[in-house]
Structures are given as C-alpha cells and as structure tokens.
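Trainee: I should like to take a close look at a single part of this protein. May I put a request to you once the structure is in view?

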Amino acid sequence: MVKRAAEAELDENVEDIDSDFSDEEGVSSASDAESVEESAQGKRLRLARQYLEKLENEQLKTENESEINRDLIAHRLQQDVLAEKGKLETRVGKRLCVLENKFALKGHRLSPTCLAITDTHLFSGSKDGAIIKWDLITGKKLAVVKHESKKQIFALAASTDNMYLASGGQDKMIILWDIDTMTFVKCFRKHRGAITALTFRRNSHLLMSGSADRSVNLWNCDDKLYIESLYGHQDTVTGMDSFLQERVVTVGGHDKTLRLWKVQEEKQLVFNGHRNTVLDCVSMLNEEHFVTGSQDNVLAVWHIKKKKPAITQLDAHAKGSWISAVAGLKNTECFISGSNGGNVKIWACAENYRSMECIKTIEVVGTVNSIVISRDNSCFVLGVGQEPRWVAGGRIKPLGIKF
C-alpha cells in the first residue's frame, strides 16, 4: 500500500519529486548522456524507491529517538526515587573546584557558636547572645535579634522552605522566628539544660533539638507543639543532623556514642568507635553514610548497617588539634572538617567507602566552631572564633568562603 500511495503521489506531481532529488539527478546526468536515455517508467520506479527509502530512514530515526527518550526518562525516574530516599550519590571528588572567593562578616562582639543558611541568607549566633541575619550575596547585615534572656546562643537551624529559624542556647529555650521579618513566633520549653543542637528535617517543619540534659526532643512547628522526647545518651548531645527521612543522628560528647534515631519505628541504633575521647560533631552525607569528628583529632565515616566506622582517619588535622566541626555535601562523597588548629580541610571518600583523601586545605586563624553548606552545594560558610564554643568569652570573626 505504501508503494501504491507513493506511485500515485508521483503520478500526480512528478515535478515535485524531481525537485526533492535534484541532487541525485545532477550526479546521474553525466552518465545518462553516455548511455541509453532512461525511460519515463524506469525513472518513476527509481524515484519511488528513493522516496520509500527516505520514509523508512525517517521512521527508523524516530524509533531510535523514542528508544533513547524512554531510556532517559527511566534513568531520570530512577534518579528521582533515589534522591527522595536520600540514597542518590553524585560523585564530585577531584572535580570539586574551590575558588576561595572569601569575605569576612563582622558584627558580633564575642565568638561565634553556630550558623544556619538558606538560599539567600545566612544566620549567625554568638556568645554575645545576638542572632544576626546576613544577605548571603552582599554580606550586608539585615537584622539583629536576641532571646529575652540575652544569654549565649549555641544552636541555629533554618527550615528548607525558608519559613522558620529556630534558635537555642544557655537559657534552655527554643525560639522560633519568622525568617522574612525576624519576628518572634513561638517559644518552646521542655529541656532542663542548655540547648546545644538543632536541626530541621529536610522539606518539613519537624524540628529536632539536643540538650545538655542528654535528651533529644521533637517539635511540630506547623502546630507549634511538642511531640516527644528520646532518651539514651549519657552526656550532653553535642551535635546532630537529619536529612530526608524521619530520623536524626546525634553524638553524645563524653558518652562516646553515635546514635541514629528512627522516629517512626521508635528505634535507636548505637554506634561505637571513639573509645577514649569526646565526640563533638556529626553530619550526614546521605541517608546511609555520616561523618563524625572527635577531640582526639580523628574523623570517622560510618555506614548505617555497620556498628564500627567504615573509614577512620587518624591525625586528620595538625598534631594536637581536635575536630570542632564537620559538614557533609549532601548526596556526594565529600565533606568539610574544621579544627582549632587553624585550618579547614575538604575530603573525598573512595567509591567503596574504604578510604578518604584530603583534596583541599584552607588556612584560617582561630577555632572553627561551625560549618554550613548551601543546599545546592555552591558555597560554604565558617564560623571562626578565638576559642571553642563551649568556653566562655572570646571575640568573633565569621568567615565566608564561596566555591
């Protein structure tokens, strides 16, 4: 049927087909002059075959493109599923480019203790009791607020929809602020000790807090309600982090344990690796891997299914230093660590998570008390003071470094 249709079309308008294949006729004209002139019927058959071949090639090309599109869509869907589960990993490694376009933000009177970051703003908390909102692009100071007690601030966290900022500190209270206006929203009271760590679950208003009273509390910021308390640590909760799933990872200072709390299942997994030191900080790389830093200058990378570290890096920073802050580049194999020894290091884990290597060292002056990374992994900010966040006094110089 295709041939009949093609021949009918040729009969109706031979000149149009002739023009479509004028190049081929030009090439064959020389040979025609030397040979017997082609009959009209033979010409029609030849052009019909060429036309059919053209249609078949176009059909084959369309089928190939459709096959490629189906493969691309399937791959994209698979990537989206892994991303939603926090299991997607984009390996950046040595392709990571640190431009060191750095600028200093001055505004506090005493040492910084904590930072939080959104798409457009940076927030810093300090021992002077002030919480400062900065423009992340220009570095301009936009607002300054304090708790009513005016006591030291130890922890900050910002929700991923840029709606809420949570702050906590020495006064044992958690204050919820409206990020746009920096106005008071709610005060949460439940902890019996200083608030030492805060984190929001990604893409939600579930807030989690750690305290010197050794407990982990959960809060619903939509309804402004306390949910429950989690117990297990035997010392101050010195650090915590969360990601996409309803779980939180915490470290317990002198109790030398790392704990993963599965909130919905009401379970906790206890990890032991640092036996003779204090665990100071923790950060998640994805839902299956997280990194800790301790006061014996050791970095450890953990897997959710192993009770012991997958990687242990001894003497990670200068001799005699301790790891004071870590931050993971989410869904990659890379993370950043800071110490009291005057430098910051960027690390990359091997593909099988059996080793790590330092791919960049940045020198700073002072103790790195906090590190935050933007959600698109395009820049990071350091909170650098003249002393650790758990020691009274000191001066601040928060340092921002873009890459």
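Trainee: Is cysteine 334 buried or exposed? Please begin there and then describe the surroundings that you consider relevant.

Mentor: Please keep in mind that this is a predicted model. Cysteine 334 is buried, with a relative accessible area of 0%. The closest cysteine sulfur to that of cysteine 334 belongs to cysteine 349, at 7.5 Å. Because a disulfide requires two cysteine sulfur atoms within 2.5 Å, this separation is too far for a bond. A search of the whole structure likewise finds zero disulfides. Cysteine 187 also counts as buried, because its relative accessibility is 19% and the limit for a buried residue is under 20%.

Let us turn to the enclosed space. The model has two cavities of 30 Å³ or more, and the largest cavity has a volume of about 870 Å³. Its lining consists of 44 residues, with Leu115, Met240, Asp241, Ile371 and Val372 nearest the centre. Among the elements that give two or more residues to this lining are strand 2 (112–117), strand 10 (195–200) and strand 26 (367–373). By class, the lining comprises 23 nonpolar, 15 polar and six charged residues.

Strand 10 also belongs to an open sheet of four strands, in the order 10-11-12-13, with antiparallel pairing. Strand 10 and strand 13 (225–231) are the edge strands, each pairing on one side only. Neighbouring strands of this sheet are turned by 20° against each other on average, direction ignored. Strand 10 is joined to strand 11 (residues 206–211) by five bridges, and phenylalanine 200 has leucine 207 of strand 11 as its bridge partner.

Terms used
Residues are numbered from 1 along each chain as its sequence is written. This is a predicted model: local features need pLDDT of at least 70, side-chain atom pairs count only at pLDDT 80 or more; totals for chains, interfaces and linings use all residues. Side-chain values use heavy atoms; hydrogens and water are left out. On a 1 Å grid over the protein atoms alone, a cavity is a set of points where a 1.4 Å probe fits but cannot get out, and a pocket is an open set with protein on both sides within 12 Å along at least five of seven lines; lining residues have an atom within 4 Å of a point. Grid points are joined across faces, edges and corners, and a volume is the space filled by probe spheres set on the points. Ala, Val, Leu, Ile, Met, Phe, Trp, Tyr, Cys and Pro count as nonpolar, Asp, Glu, Lys and Arg as charged, and the others, Gly among them, as polar. Buried means under 20% relative accessible area, exposed over 50%, partly exposed in between (1.4 Å probe, protein chains only). Two strands pair if DSSP finds at least two bridges between them. Axes are lines fitted to C-alpha atoms, for helices over the stretch in contact, and angles run from 0 to 180 degrees between N-to-C directions.
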